[in-house]
Amino acid sequence: MLSEINYLLFNSVLLVSFVACAVYLVFFFSQKEKLRKVARMIFIASGILQSCYIFSRYLIAGYTPITSQHEAVVFFAWSVTWAYLSFHWRYSVRNFGTFVSVLVFIMLVIAAFASRDFQSLAPALQSMWLPVHAGVSVMAYGFLALAFCGGIMYLLQERELKSKKFGFFFTRLPSLDSLDQLNSHCLAAGFVFLTLGIISGSVWARQAWGTYWHWDPKETWSLITWFLYAAQIHQRFTVGWRGKRAAVMAIVGFCAVLFTLWGVTYLLGGVHSYAR
Amino acid sequence: MPAETILLLGVNHKNTPLAVREKLALSSGYEQPLQELSKIDGIREYHLLSTCNRVEILVYASEDVMVEKALQKFLFGDALSPEEYDKYLYLYRNEEAVHHLFLVAASLDSMIVGESQILGQLKEAYRWASEKKCTGPILNKLLHKSFSVAKRVRTETCIGSSAVSISFAAIELAKKIFSSLENKRVLLIGAGEMAELAAEHLVGNGAKDVVVANRTLERALDLAKRYNGQAVGLDEVVDQLERVDIIVSSTGAPNVILHKADVKPVMRNRLNKPLFFIDIAVPRDLDPELNDLDNVYLYDIDDLHNVVELNKAERDKEAIKAKRIVDEEALKFKDWLAGLAIIPTIAALRKKGGQVCRLELERTLPRLKNLSDAERKTVEKMAGAIVSRLLHDPVVFLKSESCTDQSDMKVDLYRSIFGLEKE
C-alpha cells in the first residue's frame with residue numbers, strides 16, 4: 001500500500017515539475033505576469049510533493065533515503081527547489097525561476113531512469129551521521145546549483161550587453177549586478193554547507209573507519225571542489241573576482257560538484273561508492 | 001538661364017557608420033564652412049546642418065551637375081575618395097528635398113524617433129545661416145515651414161511623449177548593468193547640453209553624486225553646483241574613475257581622450273566593480289577598445305540606438321500619423337513653390353481679378369432694376385476694363401527683365417501684395 005503511494009507520488013512529482021517547468025517557459029516567452037504567479041504556485045506544489053515523496057521513502061526504508069542513485073538525485077532536486085524557494089522569499093531575481101525549474105525537471109527525469117528499488121543499508125551507513133553528512137552536503141549542492149543557474153544567466157546577459165545586440169534575453173534577464181549578487185549569496189550559503197558536509201563527513205569517518213581522512217577519491221574530489229569555491233570566495237573579497245569571471249567559476253565549480261557526485265562513483269570507485 | 005532647384009544632400013546615421021560621420025562632422029562651428037560654401041558657383045541660397053547623427057547641406061541652386069559635384073566634394077572633403085561617396089550619400093531634389101527636411105525637423109528621421117533635440121539643432125543651424133545672409137526667400141520659407149511642421153507633428157501625435165532621448169536609452173542600459181541607480185556616482189566629461197540632459201535623467205533615476213570634468217572649470221562649476229556635485233579638471237578624470245560608476249563623455253575634443261591603458265589599472269583598484277561608459281561625442285572621446293575590458297561597458301551613440309529599437313513598435317504607430325502630416329505639408333509647399341513661377345502668377349492674378357469683378361457685379365446688378373440689357377452689358381464691360389487696366393502695369397512689371405533675375409523674392413512679395421497665397 002505504502003509503496004504504491006510512493007510510486008504514485010514520484011510520478012506526480014515528475015508530472016507537477018514538468019507542468020511547473022512548462023508554465024515557467026511559457027511565461028519566459030510571453031512575459032505575462034499572471035503566468036509567473038501560476039508557475040510559482042505549481043513549483044511550490046512540486047516542492048511539497050518532493051518532500052512528501054522523500055518522507056514516504058523514509059517511512060518505507062526506515063532510513064534517510066539518500067543512498068541509492070535515484071534517492072540522491074531526488075534529494076538533490078529537492079534541495080535545489082527549496083534553496084530556490086527560500087531565496088525567493090528573501091529577494092527575487094527576474095526570470096530566475098525558469099532556469100531553476102528546468103534544472104529541477106532534468107534532475108527528476110534522470111532520477112526517473114535510475115532504479116527505484118530499495119536497497120538494504122550497508123552496515124557502515126547505519127548511523128545517525130548519514131542524514132547529517134549526506135543531507136548537509138546535498139543542501140550545499142542545491143545552493144551551488146543555483147549559483148550555476150545564475151552564472152549561466154549572467155553569461156547570457158553579459159554577452160548581449162557586450163556585443164550590443166539586444167536580442168531575446170536582454171529584456172527577459174535581470175541586471176548583471178543582481179545576478180552577480182545572487183552568485184555571491186548562493187556561493188556563500190553553499191560554501192558553508194559544503195564545509196559542514198566535509199567536517200561532518202570526516203568526523204563520521206573517524207567513527208566508522210578510524211581516521212578522519214584517508215584520501216578516498218570522493219573525499220579528494222570534495223576537497224578539490226571545496227578549494228575551487230574557497231579560492232573563488234577569497235578572490236572575490238581580495239582582488240574583486242566578480243562578474244564574468246565569477247560566473248564562469250560558478251559553472252566550473254558546479255561541474256566539479258557533478259563529478260564528485262557521479263563521476264567519482266562511476267569512474268574512480270572507492271569506499272564512498274555505495275550509490276550505484 | 002538654367003532652371004533652379006532645391007537640393008539636399010548629406011549623410012546620416014542610417015547609412016553612414018560613426019567612424020565616417022565623425023570625419024565629416026563640422027567641429028569648428030558653422031561660420032567657416034558656410035563661407036566656403038558661398039564660393040561654389042551657381043548656388044543662390046544655402047544652409048548647413050551638422051549634428052552627431054547627420055551632416056546635411058540644403059541649397060537653392062541652378063540645376064547643374066557641376067554644382068552637385070562641388071557640393072559632394074565640399075561635404076566629404078578629403079575623408080573619402082569620390083568612388084566611395086555613393087555608398088553613404090543621399091541626394092534629394094525639390095519635393096523630395098522638402099519632404100526629407102520636414103522629416104528631419106519632425107524628428108522622424110532621427111536615430112531616436114521623436115526626440116526633440118534635432119529641432120533645436122536645426123534652429124541653431126538656421127540662425128547661423130540667416131545671420132550670415134546665406135538664406136533667401138525660398139530657404140527662409142522652407143525652414144520656417146519645417147519648424148511649423150515639427151510643431152504640428154509634436155502637438156498632433158504622441159510621438160514626443162514616448163520619445164526617448166539618448167539619455168533615456170542610456171538609463172535602460174544602466175539598469176541592466178546595475179540593478180538600480182541608487183547611490184551610483186556619475187562623472188560628466190564635458191559640460192555641454194547633452195551632458196546636462198544625461199545628468200538630469202541619471203539623477204532623476206536615483207544617481208547620487210555628479211562630478212563634472214570640463215576644459216573650462218567655470219562651466220564645470222556651474223553645472224556641478226546644480227547637482228551639489230564637484231567640479232574637476234580634465235586631467236583628473238583618471239583619478240575620478242576609481243570613485244564613479246557611470247561616465248558620460250561629450251567633449252568636442254577631436255581625438256580619443258581616454259584610452260584602454262588608462263582604464264585597465266583603475267579596474268584593479270576598484271575591485272572590478274563595473275564601469276559604464278557612455279560616449280555621446282562625435283568624434284568619439286573614448287577608445288572603442290575599452291569595451292574589451294572585463295566589467296567595462298562602453299556604448300557610443302550608434303550603440304544606444306539599438307536599445308531604443310526595443311520600444312520601437314509603439315512609436316512606429318505614431319510615426320505613421322506624423323508621416324502623413326509631413327506628406328501633407330510637403331505637398332502644400334510644393335504648390336507654393338510651383339506658384340512662384342511667373343506664368344502661373346500672372347494667371348492667378350488674372351483669375352483673382354476676374355473673381356473680384358464677377359463678385360462685385362453680382363452684388364450690384366440686382367440693385368439696378370431699371371437697366372436695359374444693353375446698359376447692363378456696358379456696366380459689365382466697364383467693370384472688366386477697370387480690372388484689366390489696373391492689372392496691366394503689374395503684369396508688365398512681372399514680365400519685365402528685372403523679374404527674371406532674382407525673381408523669387410519679387411514674385412513672393414508680389415504674391416503677398418495681391419493676396420495670391422490663400423488659394
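Buried means under 20% relative accessible area. I note that cut-off at the top because the cysteine entries rest on it. The model I am reading is predicted.

**Cysteines**

I looked up C134(B) and found a relative accessible area of 3%. That value is under 20%, so I enter C134(B) as buried. I then looked up C357(B), which comes out at 14% relative accessibility. This too falls under the cut-off, so C357(B) also goes down as buried. I searched the whole structure for disulfides and got 0 over all chains.

**Domains of chain A**

I took down the domain assignment of chain A: domain 1 covers 1-119 and domain 2 covers 122-276. Where the two domains touch, I count 27 residues from domain 1 of chain A and 37 residues from domain 2 of chain A. Their C-alpha centres lie 20 Å apart.

**Domains of chain B**

For chain B I have three entries: domain 1 (4-162 + 316-338), domain 2 (166-309) and domain 3 (341-417). Domain 1 of chain B is written as two segments, 4-162 and 316-338. The contact between domain 1 of chain B and domain 2 of chain B takes 11 residues from each. I put the centres of these two domains 31 Å apart, taken over C-alpha atoms.

**Nonpolar patch on chain A**

Which residues form the nonpolar patch on the surface? I list M1(A), L2(A), I5(A), F55(A), Y58(A) and L59(A). Together they have about 620 Å² of accessible area. Two elements of chain A give two or more residues to the patch, α1 (2-30) and α2 (33-61). I find that α2(A) gives the most, with 3 residues.

I picked I5(A) from the patch for a separate check. I5(A) lies in helix α1 of chain A. Is I5(A) buried or exposed? Its relative accessibility is 36%, and since partly exposed is the range between 20% and 50%, I record I5(A) as partly exposed.

**V26(A)**

I placed V26(A) in helix α1 of chain A, the helix that also holds I5(A). The relative accessible area of V26(A) is 46%, so V26(A) counts as partly exposed. Leaving out residues up to four places away in sequence, I find that V26(A) touches Q31(A) and L35(A).

How far from V26(A) is Q235(A)? I get 38 Å in space, C-alpha to C-alpha, with the two positions 209 residues apart in sequence numbering.

Definitions and conventions:
Residues numbered from 1 in each chain as written. Chains lettered and ligands numbered in written order. Predicted model: local features only at pLDDT ≥ 70, side-chain atom pairs only at ≥ 80, totals over all residues. Heavy atoms only, no water. Disulfide = S-S within 2.5 Å. Buried < 20%, exposed > 50% of the residue type's maximum accessible area, 1.4 Å probe, protein only. Patch = residues over 30% accessible without salt bridge, like charges linked within 9 Å, V, L, I, M, F, W, Y side chains within 5 Å. Areas by Shrake-Rupley, 256 points an atom, 1.4 Å probe, with all protein chains shown as cover. Salt bridge = Lys/Arg side-chain N within 4 Å of Asp/Glu carboxyl O. Helix = DSSP H or I, 4+ residues; strand = E, 2+ residues; numbered from the N terminus. Domains from an automatic or database assignment. Contact = heavy atoms within 4.5 Å.
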